Structure formats: structure tokens, C-alpha cells
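Grab a pencil and work through these exercises with the model open beside you. Try each task before you read its solution.

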Amino acid sequence: MKKFFFLAMTAVLFCSCTTKEAKIPEKKGSSGKTLELLVVADRNVYYGSTQALIDSIFSCPQVGLPQPESRFDIVNIPMSSYENSEMFRNHRNILLMDVKPGNPDKVYLHVDEYAAPQVVVDFAAKSNESLNELLRQHESQILEQLYNAEHRRVIKAFAGMPGFEVNEAIFDQFGFRLMFSKEFSIAKQEPNFAWVRKEAKDFGIGVLVDVFPYRDTSIFQEKNILDRLDTVMARHVPSNAPGSYMGLERRRDGQGQYLAPIVLKKVPFEGSDYCVETRGCWRSFGDFMGGPFVSYTLLSPDKKQVIILTGYVYCPRNKPWTKRDLLMQVESVCHSLKF
């Protein structure tokens, strides 16, 4: 199935096309590294203020990491290379920058056009100035689509080597599904809580599942979310040293600012009418461990439960892995939630 989304300067029109064929051929898998962005633009387009704007949007530091890592790794190629290479057209994240005087100053968004999962954002601008305006106007929508493609890629990869026992245990306990690969195992299960993790030679990643009755909207307030995360981590996740435990990095400087920024924002989340995303860092109290986390506090479809899914990363060396890429794995597990 192919979907097209059209973004104009003054309006956003969504349309999709489906066929009733008995069987639709499956698209080939998309190429490219995790969070790699292919910017297709000639040298007279990708320069000066336009290059600076693209870099500021897509190469700025990812929020919530202890060391700076860019949102995306940008690879720039000319339009001719893209048009003449199937390999480039199959990349998962593509920005097409076509600038000509006769263009309509519009943006076309193609989902799974040549491969899957894939997002192709096609700019048809009259000038670099109008291209810059389109980028500013639709920045958040484009980022959302690119991250959706990354989530779908990880979920698809995990579905190819599923952890049946873990996935069924989560479903039996909570009545909803999460997609873990067979490399994950259950570290702890208690009423209304589960801790699933993957321990490797150079890193450890995991997801905490916390479910409790919904009473009122106060749970979505910043302090209440952070206090809940702190309590759940301290109660359920021990560290290596005796008596040590996981908690949020909430220390502040002399001006009252967090030493490690914590950012909360409302985000769309499939299956839920309301969701708050939290990004920041965790640390071990009584030990020397820490890393980034991402958490989603969301309302169940029947509005009877609050579900908090928290993915964390411990990767002290950061090579050959990056905290950003590992965080994308647990972030994608959270977005695999199906009620």
C-alpha cells in the first residue's frame, strides 16, 4: 500500500490510495544506517543559509543525551546521483530539495514510495528563500514522519526475530502488546509492573512498564510524572553496588536549572488520546552508572488506566554503539504498543 501526504504553504491535505487486489507485493526493505538522513540537493541549493537551516534542524543535538549527539547523520548527494541510483532511492529517510523558478512552493510527502519503511519529503520550491520558509513551517511535521519511519524500521526488525515468551508474558499480564526481539528477557515482574532488558557486552538497554488506575489529569503534570518515574525506578531497578538503585538525574545548579536537562512535551501516540513524552538522564544512587532515558505517560483507550513506558540505555564506552541509536531501539519498543 502506498500513501501520499501533501503539505502546502497554507494548508495540509492528507490523502491515501489503496487497492483491492488479493495480494499487494511487499516492498523491499529500505537501506541506510539508524538515524541517517539523505539530503538530495545540488551545491547551489545546499549551501549558505539553507545548509545552515537544514543542519540546525536535523543535526542539532538530540535532547536528553549525556554527551552531544546529533539528531540525524546527514549525507548530501546531488540530484543526478539520486535519479540514477536505485540504492539512494531505497534509503529510509530522504529530503529532496528541488529549487526552480517555476516550482509551486509546495512539499510532497511520500510514505514507502520505493521501499519500506521509508519517508521521502519532496520540496518543490521557487527559490532558496521559499525553501527555507517551507522548512521552518513544516519542521515539526517532517521530524515526526522521519521518527515514525525509524520506529517502524526497528519494530519490523524485532518482528523478524520476535521474543515470543517475553511478548506473550507482557500480553498476559497487561492485555496489550509490545514488540521485543528474542535478545530481551524479563528481569522482573510484579503486579502492575514489568522490567524487560537486554544485556550485551558493551551496553545494557531496557523498558520499564508501569500501569495504574487513572484518576485525574494531575498525573500528567511535570512533577507528578517525574516523582512517579523516580519512585518506580528506585523500587524496582537495583544497581550493581549493594544498596544502590536507579533514579532520575534531577540535581540542579546554583540557578535552579537541571544539570542534565529534562524535557517534557505532549506528543501524538497511536491508540491513546493523550501522551506526555519525557526525556532526560538517569543515574545510580550509590554507584557510578547513568545514561539517557525516554518515557511515555499515556492514557489507555478506555480512559481507565495510565501506562508509563520507560526505555533506558547504559552504554559507558559509546563505541561501537551510540547512546542515540540504542535509545531509538527502546523508544521504538514503546511505540510498538498495541491495545
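## Exercise 1: A bridge across the chain

Arg324 counts as buried, since its relative accessibility is 6%. This is a predicted model, so keep that in mind as you go.

**Task.** Find out which residue forms a salt bridge with Arg324, and which parts of the chain the pair ties together.

**Solution.**
- Step 1: Look for the partner. Arg324 pairs with Asp73, and their closest N and O atoms are 2.9 Å apart.
- Step 2: Place both ends. Asp73 sits in strand 4 (residues 73-77) and Arg324 in helix 8 (residues 323-335), so the salt bridge links parts that are 251 residues apart in sequence.
- Step 3: Check the surroundings of the partner. Asp73 has a relative accessible area of 36%, which makes Asp73 partly exposed.
- Step 4: Recall the general idea. Side chains of opposite charge can pair when their charged atoms come close.

## Exercise 2: More charged pairs

**Task.** Work out whether Lys198 is buried or partly exposed, and do likewise for Glu183.

**Solution.**
- Step 1: Start with the pair. Lys198 and Glu183 meet in a salt bridge through their side chains, at 3.0 Å from N to O.
- Step 2: Locate the two residues. Lys198 belongs to strand 9 (residues 193-199), while Glu183 is in the loop between helix 6 (164-174) and strand 8 (185-190), so parts 15 residues apart in sequence are tied together.
- Step 3: Use the cut-off: buried means under 20% relative accessible area. Lys198 has 11% and counts as buried.
- Step 4: Glu183 has 42% and counts as partly exposed.
- Step 5: Try another pair. Lys188 and Glu190 form a salt bridge with their closest N and O atoms 3.7 Å apart. Lys188 is partly exposed at 23%, and Glu190 is partly exposed at 33%.
- Step 6: Look for a network. Lys223, Asp227, Asp230 and Arg250 are joined into one by salt bridges that share partners. A search of the whole structure gives 20 salt bridges.

## Exercise 3: Inside the nonpolar core

**Task.** Name the residues that touch the most other members of the largest nonpolar core.

**Solution.**
- Step 1: The largest core has 61 residues, and Phe58, Met97 and Phe123 touch the most other members.
- Step 2: Ask what contributes to this core. Helix 5 (residues 139-159) gives the most, with 7 residues.
- Step 3: Zoom in on Phe58. Leaving out residues up to four places away in sequence, Phe58 touches several residues, including Leu37, Phe72, Ile74, Leu95 and Leu146.
- Step 4: Look elsewhere. Another core, of 24 residues, lies apart from the largest one, and its members include Trp195, Met233, Met246 and Tyr258.

## Exercise 4: Backbone oddities

**Task.** Where is the cis peptide bond, and which loop holds Asp112?

**Solution.**
- Step 1: Know what to expect. Most residues other than glycine have a negative phi, and most peptide bonds are trans.
- Step 2: Find the cis bond. Ala116 and Pro117 are joined by one, with omega about -5°. Pro117 is in the loop between strand 6 (106-111) and strand 7 (119-125).
- Step 3: Look at Asp112. Its phi is positive, near 55°, and Asp112 lies in the loop between strand 6 and strand 7. With 12% relative accessibility, Asp112 is buried.
- Step 4: Compare Asp105. Asp105 has a positive phi of about 60° and lies in the loop between strand 5 (93-99) and strand 6. Asp105 counts as buried at 16% relative accessibility.

Key: Residues numbered from 1 in each chain as written. Predicted model: local features only at pLDDT ≥ 70, side-chain atom pairs only at ≥ 80, totals over all residues. Heavy atoms only, no water. Salt bridge = Lys/Arg side-chain N within 4 Å of Asp/Glu carboxyl O. Helix = DSSP H or I, 4+ residues; strand = E, 2+ residues; numbered from the N terminus. Buried < 20%, exposed > 50% of the residue type's maximum accessible area, 1.4 Å probe, protein only. Core = buried A, V, L, I, M, F, W, Y, C linked by side-chain atoms within 4.5 Å. Contact = heavy atoms within 4.5 Å.
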